[in-house]
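Dear colleague,

Please find below the structure for your consideration. A summary of what was found in it follows.

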Amino acid sequence: MHKLTRGIASASARHPWRTITAWLAVTGAVFFLAIAAGGTFVDNFSSPGSQSATALELLDENFPEAAKGSAMVVLAAGDGTTLDDHEETVGGVLDDVSGVARVQSVADPFESGTISDDRRIGFAVITLDSPEREIGKPAFAVLSEAVSSMGTPGLQVELGGDAAFLNAAEESSSHTAIGLLVALLVLLVVFGTVVAAIVPIGLSLVAVGASIGGIMLMASTMDVSVSAIAVAGLVGLGVGVDYALFILARYRENRSAGQDNARALSHAMATSGMAVVFAGGTVMIATAALCITGLSILTSIGLSTSLMVMVAVAAAVTLLPAILTLLGDRIDSGRVVRRHRPAVRTEDSAWWRFGHHVSRRPWPYLLGSVAMLAAIAAPALSMQTAFPAAGDAPAHTTHRHAYDLLTEGFGIGFNAPLMVVMDLESSAAGPDDVAAVSATIADVPGIVSVGEPQTSADGSTVVFSALPDAGPADAETSATIQRVRAVIPDSTYVSGITAVTDDLNSQLRRTLPLFVGAVIGISFLLLMLVFRSVAVPVKAAVMNLLSIGAAYGVLVAIFQWGWGAELLGLDGPTPITSIIVVIMFPILFGLSMDYEVLLLSRIREEYDATGDNAESVARGLAGTGRIITSAALIMIAVFLSFVFSPVPSLKMLGLGLATAIAIDATLVRMVLVPATMSLLGDANWWLPRWLDRALPVVDIEHGQGAVPDLPDVPAVAARTEELVPR
């Protein structure tokens, strides 16, 4: 397959301007189509076939009025006063709210009786003109800004409700720019020149930009999460820079060895370029495996991330060769550090000495590393996942203020209402049956009150609320939901935000073994195919699981236990989102393969040349140690930059990914890999003969054969200078 990669690079290098023009044309066309026909982003948390999903479907079909989106204007009188003292002001506020875009009606809290016993806190239900998933975040942002700005002296006004929380606008943050700045500094140290440092970052930005247009188009054909671009962009920036770094570093290494630019580029694409294709393909498959969960939100995030990585790989094997061809020797322009001294012999490098040092003492390093990883991962054993509620939002947000006020005025369970939907048509039930079900639910332990039933216009559907005595993220609320579901008839369904997330978590528990098994199994097969070994993929799977376990342990310690949470801008312990835990797994498993492939392919290349296991490991470390460390630093910088995001879930994702990459690129790749490979010896590369004959041959780092004629890079650059006006 290295011939294919080298052939694609050759075509791009022969026609650099055509390649660049094609990228611009395709990217422009995608964005034009995205603007013209792109869909709206929406978070669909429902689990197909679950009680909560069935309830929502019934409302959509038979009770459109109840299916419309809603929110609450939460009102609080100042100290020493009641809402009755501000009745006229409240009326004016509600009149103003009714004039905001997408608002259909606003209930009067004095008429509907939605005022607390002490008359200080109340709420007015807002009925929107469409279901909330059709409205989108921009409209909710306008509504939130309008309502929260209507407060007057003595009267606090906030926007609350599940819809307001789930569709809250994300606060602006410069975290991405911080990550890219750190990445630029790392690249300046690695390459020593401005031009060489800018190329990988520019390439990753192009890949991310082109992918965003594709994700917008995807939103016109399926539900795509509002977090899809953020998560996919996080991964896309990291791999985009890293993939370009791998190829560019090999290209410059070849040039330093005396190869002309054309041959250096061809060899770089046949070796590191093929490794990038394989590593990127592994990440794509791993993230696309999120479709196995059957959940719309995870499917859209997985496919978006897979698309982002695919475009990053495409840019690395087509756009990068074109750019390097046009730059020629100018890739070394803008030197910021003094020219490097003559290259150090492999045997004199610190990486080579360290590799032999570990190989001579494999057991202490192996046991010590495993013990350290186990200690870091230990907190993960007590992980408790939950779905964040408005009470976990930053303290300054309007939906957090509304949550706290409603809790104060009506109790914590008011923020976790259960929605009970009865299908009267299929069950031939009547008013007496509705009353009986309502009374039965009222007697369930954990239920505080049951609301008045509302019947659809055609009489086929009834809906009413039931308030639990615990909050939306409380395990006791989930237990109450199970008790309610155990006593209601088959034609009655329980929904609401807590019920939806409970059903989502149940679906994850059912599909997680298949999902995890698929990711590990596919990765195992791909590594066995490439390295013709059984031990290598087994070892890689175990080590990747150790890295991921350590990342989960750090998340539990910081977010669940609250160790140092204030340093991350959190008010205290925060529930770990189950969706984030699942998203992290394929991303980390795929990204870990980047370093695994880069290191092991170099080790295998040296092993084929020398037949000496210890020497090949040492030479593999010497050849890739600096690049893997630099690539990891870049990835860590990009991921850690998301810790500065005001969104807790993005903080979790960024910190978890950064932790795993740091552990994987240091403790795992530089200590555990040489230690285990030293102990296994030649068994590292053992594969049953029958299996060896059955597997197709895929060679990713043995492309040092004859090089097809490529254009003379300096000549192309010279011709380019003639075409570009000065």
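**Confidence, cores and surface**

Within this predicted model, helix α13 (residues 296–327) has the highest mean pLDDT among the elements of the chain, at 96, while helix α26 (residues 713–723) has the lowest, at 39. For the chain, the average pLDDT is 88, and 94% of the residues score at least 70. The pLDDT is below 50 over residues 703–726; in the model this stretch has 43 contacts beyond near neighbours in sequence, and I would ask that these be read alongside that score.

Turning to the interior, the largest nonpolar core comprises 156 residues. The members that touch the most others are Tyr243, Phe559, Met584, Tyr595 and Phe639. Helix α22 (residues 578–610) contributes the most to this core, giving 19 residues. Another core, of 27 residues, lies apart from it; Leu75, Ile126, Leu155 and Ala163 are among its members.

The surroundings of Tyr243 may be listed in full. Leaving aside neighbours within four places in sequence, Tyr243 is in contact with Val276, Ala279, Gly280, Val283, Val309, Val313, Ala316 and Asp594.

At the surface, Ile178, Val182 and Phe644 make a nonpolar patch of about 260 Å². Ile178 belongs to helix α9 (residues 175–191). The relative accessible area of Ile178 is 34%, so this residue is classed as partly exposed. As a general background, nonpolar side chains in soluble globular proteins tend to be buried together.

With kind regards

Conventions. Residues are numbered from 1 along each chain as its sequence is written. This is a predicted model: local features need pLDDT of at least 70, side-chain atom pairs count only at pLDDT 80 or more; totals for chains, interfaces and linings use all residues. Side-chain values use heavy atoms; hydrogens and water are left out. A nonpolar core is a set of buried Ala, Val, Leu, Ile, Met, Phe, Trp, Tyr and Cys residues joined through side-chain atoms within 4.5 Å. Buried means under 20% relative accessible area, exposed over 50%, partly exposed in between (1.4 Å probe, protein chains only). Helices (H or I, at least four residues) and strands (E, at least two) are DSSP runs, numbered from the N terminus. Contact means heavy atoms within 4.5 Å. pLDDT is the predictor's confidence in each residue, from 0 to 100. Patches are made of residues with over 30% relative accessible area and no salt bridge: like charges are joined within 9 Å, nonpolar side chains (Val, Leu, Ile, Met, Phe, Trp, Tyr) within 5 Å. Accessible areas come from the Shrake-Rupley method with a 1.4 Å probe; for residues, only the protein chains shown count as cover. A salt bridge is a side-chain nitrogen of Lys or Arg within 4 Å of a carboxyl oxygen of Asp or Glu.
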